[in-house]
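Trainee: Got a minute? I'd like to walk through this structure with you.
Mentor: Sure. Put it up and ask away.

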Amino acid sequence: MITQPYHIYVERTETSKNMARYYAMAIEQTLFGDACLTRRWGRIGTTGQQMIHHFQREEEAVSLFLDLLRQKRTRGYRPVNTATCV
């Protein structure tokens, strides 16, 4: 059972390089009780690509989640302000 939710969405935009990328990750529980790390990435506004990793223990999924997040932060990805419009 997943003890707490793990979801993140980060973007990297550089207008001088015509770069607009996103990277999203989430850890969820499968029907069999295993931890599943889902990664999605691509150009903002597109479907992009997806990769799914299955783990027997939540700690392994969290470890990979944090490693990937650290890598993305060093490359310039930043969280997006998700203010809602009324």
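Trainee: How many helices and strands does the protein have?
Mentor: One helix and five strands. Keep in mind that this is a predicted model.

Trainee: In what order do the elements run from the N terminus?
Mentor: The order is β-β-β-β-α-β.

Trainee: What box do the C-alpha atoms fill?
Mentor: Roughly 45 × 35 × 20 Å, taken along the principal axes.

Trainee: And what share of the residues counts as buried?
Mentor: 33% of the 86 residues.

Trainee: On to the strands. How do E1 and E2 run?
Mentor: They run antiparallel, joined by nine bridges. E1 covers residues 6-14, and E2 covers residues 19-29. For a register check, look at Thr13: its place is opposite Ala20 in E2.

Trainee: What sits between those two strands?
Mentor: Four residues, and the strands form a hairpin. Asn18 is in the turn, with a positive phi of about 55 degrees.

Trainee: Is E2 mostly covered or mostly open?
Mentor: Mostly covered. Eight of the eleven residues in E2 are buried.

Trainee: Which way does E2 pair with E3?
Mentor: Antiparallel again, over nine bridges, with E3 spanning residues 35-43. Two pairs fix the register. Arg21 faces Arg43 in E3 from the opposite position, and Gln29 stands opposite Ala35.

Trainee: Which residue has a positive phi in that hairpin?
Mentor: Gly33, near 90 degrees. The hairpin of E2 and E3 has five residues between the strands.

Trainee: How many bridges join E3 to E4?
Mentor: Seven, and the two strands run antiparallel. E4 is residues 49-55. Leu37 in this pairing is opposite His53 in E4.

Trainee: What about the turn there?
Mentor: E3 and E4 make a hairpin too, with five residues between them. Gly45 in the turn takes a positive phi of about 95 degrees.

Trainee: Changing topic. How far does H1 reach?
Mentor: 25 Å from its first C-alpha to its last. That is close to the 24 Å expected at 1.5 Å a residue. H1 has 17 residues, 58-74.

Trainee: Which residues of H1 are buried?
Mentor: Glu58, Ala61, Val62, Phe65, Leu68, Leu69 and Lys72.

Trainee: Why do they line one face of the helix?
Mentor: Look down the axis of H1. The buried residues fall within an arc of 135 degrees, so they line one face. The general rule helps here. An α-helix has 3.6 residues a turn, so residues three or four places apart point the same way.

Trainee: Now charges. How many salt bridges are there?
Mentor: The structure holds five.

Trainee: What does Arg57 pair with?
Mentor: Arg57 meets Glu59 in a salt bridge, 3.4 Å from N to O. Arg57 also meets Glu60 in a salt bridge, at 3.7 Å.

Trainee: Are Arg57 and Glu60 buried or exposed?
Mentor: Neither. Arg57 is partly exposed, at 46% relative accessibility. Glu60 is partly exposed as well, with a relative accessible area of 34%.

Trainee: Which residues make up a salt-bridge network?
Mentor: Arg12, Glu14 and Lys17, through salt bridges that share partners. Within that network, the closest N and O atoms of Glu14 and Lys17 are 3.7 Å apart.

Trainee: And why does Lys17 count as exposed?
Mentor: Because Lys17 has 55% relative accessibility, and exposed means over 50%. Glu14 is partly exposed, at 24%.

Trainee: Last one. Which residues form the nonpolar patch on the surface?
Mentor: Tyr9, Ile44 and Val80. Together they have about 210 Å² of accessible area.

Trainee: Where is Tyr9, and is it buried or exposed?
Mentor: Tyr9 sits in strand E1. Tyr9 is partly exposed, with a relative accessible area of 33%.

How values were computed: Residues numbered from 1 in each chain as written. Predicted model: local features only at pLDDT ≥ 70, side-chain atom pairs only at ≥ 80, totals over all residues. Heavy atoms only, no water. Patch = residues over 30% accessible without salt bridge, like charges linked within 9 Å, V, L, I, M, F, W, Y side chains within 5 Å. Areas by Shrake-Rupley, 256 points an atom, 1.4 Å probe, with all protein chains shown as cover. Salt bridge = Lys/Arg side-chain N within 4 Å of Asp/Glu carboxyl O. Buried < 20%, exposed > 50% of the residue type's maximum accessible area, 1.4 Å probe, protein only. Pairing = 2+ DSSP bridges. Expected span 1.5 Å × (residues − 1). Arc of directions from axis to C-beta.
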